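This report is a short first look at the structure below. It covers a metal site, a pair of packed helices and some details of the backbone.

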Amino acid sequence: MNVRRISLTTLANGGELAVYLHELGGTHGDGPTVGICAAIHGDEPTGTRIVLQLARRLANRAFRGRLLLLPVANPLGFEAMKRSTPLDALNLNRVFPGNREGWLTEQLATVITEAFLTKVDILIDLHSGGACQTVDYVYILNAENLSRSFGSRVLYRPHQGLSGTMFRGTATTITAERGTPTVVVELGGGQVDQRPYVARGVEGIMNILRALNVVEGVPLEIPEQVVINEIVTVRPHMGGLLETAAPSLGQEVAGGEILGRVLSPYTFEELEVVRNPLGRGIMILSHLTTDVVGPGDYGYMIGNLESGEGR
Ligand SMILES: [Zn+2]
């Protein structure tokens with residue numbers, strides 16, 4: 001394995017800011033360059049753990065093509081366990097392709113664009129739910145077979161298409177423009193044991209690599225999958241402790257069903273009952289533990305099963 005350090009700058013504390021790219025080369029002839037990145041959002045280290053385990057699994061193993069791994073895309077966010085970069089409060093996944101003369105996060109985006117996003121033939125971008133929320137779905141963007149190969153049960157195909165719904169400035173906008181097949185994975189996060197999600201992440205990527213014929217082996221049988229076209233984010237209006245009542249991730253939720261309750265941690269009174277605003281839906285983001293929330297935080301995300309593509 002070959003680790004490349006790309007130095008960005010010197011911080012005011014004297015430390016160097018750098019990103020690290022791991023290159024794993026195949027020995028069985030030519031094949032695609034598969035890029036896998038994690039922690040574009042600093043509070044999503046589950047993806048980093050998936051990349052670590054994948055690198056261990058593939059070390060000393062022959063495969064076609066090569067893997068380019070970016071285990072921590074935003075080191076300052078990662079250090080602080082923050083979605084955005086603390087230094088300039090910018091969300092790295094909204095500023096691609098970046099700006100060399102801009103804020104630090106924009107400079108970081110430029111380096112990642114030049115050294116990584118434009119160097120890969122396939123991109124797998126790993127996200128999770130952050131410090132408190134747990135998520136479980138995969139985007140269908142421009143490579144449906146690869147998205148399906150990851151093996152998650154719920155898939156999200158934005159109904160306005162790739163450019164319509166995706167936020168501007170994501171890493172995906174760079175690869176989409178270039179026609180690079182891209183899979184965005186949302187898996188894990190929150191204050192629960194991440195090991196099952198890490199294991200699923202590694203298996204899912206291995207299965208994508210099998211589908212690409214990068215590694216040998218028969219692709220795994222994929223479970224029955226649900227494709228949704230619309231996601232509703234339900235945000236509590238009150239802050240406090242959010243106690244979830246909803247079914248778990250991947251389970252159906254009825255129209256008007258109670259998702260959770262916001263309680264005052266001071267008086268213990270119930271401040272708000274949070275309900276499913278849709279008809280029949282499927283849980284794709286939830287608080288699996290009783291967490292502190294602020295007004296307007298991510299509470300729950302529900303895929304609309306009434307307008308979806310079905311099973
Ligand atoms: Zn993310």
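In which loop is the place of P97? P97 is found in the loop between α2 (75–80) and α3 (104–115). The model is a predicted one. The peptide bond that joins F96 and P97 is cis, with an omega of about 5 degrees. A second backbone detail concerns N213, which is not a glycine but has a positive phi of about 65 degrees. N213 sits in the loop between α7 and β9 (226–228).

| Residue | Backbone value | Place |
|---|---|---|
| P97 | omega about 5 degrees for the bond with F96 | loop between α2 (75–80) and α3 (104–115) |
| N213 | phi about 65 degrees | loop between α7 and β9 (226–228) |

**The zinc site**

H41 and H127 each coordinate the zinc ion through ND1, and E44 does so through two OE entries, at 2.1 to 2.3 Å. The angles among the four donor atoms run from 56 to 148 degrees, and the site is irregular. Along the sequence, the donor residues follow the spacing H-x2-E-x82-H. H41 belongs to the loop between β3 (33–38) and α1, while H127 is in strand β5 (residues 122–127), so this pair ties together parts that are 86 residues apart in sequence.

**The α1 and α7 pair**

Helix α1 (residues 45–58) and helix α7 (residues 195–211) have axes that come within 9 Å and cross at roughly 55 degrees. That angle makes α1 oblique to α7. The crossing of the two helices, α1 and α7, is right-handed. On the α1 side, the contact includes T46, R49, I50 and Q53, and on the α7 side it includes Y197, V198, G201 and M206. Sorted by type, the residues of the contact of α1 with α7 are nine nonpolar, three polar and five charged.

Technical notes
Residues numbered from 1 in each chain as written. Predicted model: local features only at pLDDT ≥ 70, side-chain atom pairs only at ≥ 80, totals over all residues. Heavy atoms only, no water. Axes fitted to C-alpha atoms, helices over the stretch in contact; angles between N-to-C directions. Helix = DSSP H or I, 4+ residues; strand = E, 2+ residues; numbered from the N terminus. Parallel < 35°, antiparallel > 145°, perpendicular 65-115°, else oblique. Left-handed = near helix turned anticlockwise from the far one by under 90°. Contact = heavy atoms within 4.5 Å. Nonpolar A, V, L, I, M, F, W, Y, C, P; charged D, E, K, R; others polar. Donors = N, O, S within 2.8 Å, 3.2 Å for Na, K, Ca; no water. Tetrahedral: all angles 85-135°; square planar, octahedral: opposite > 155°, others 65-115°.
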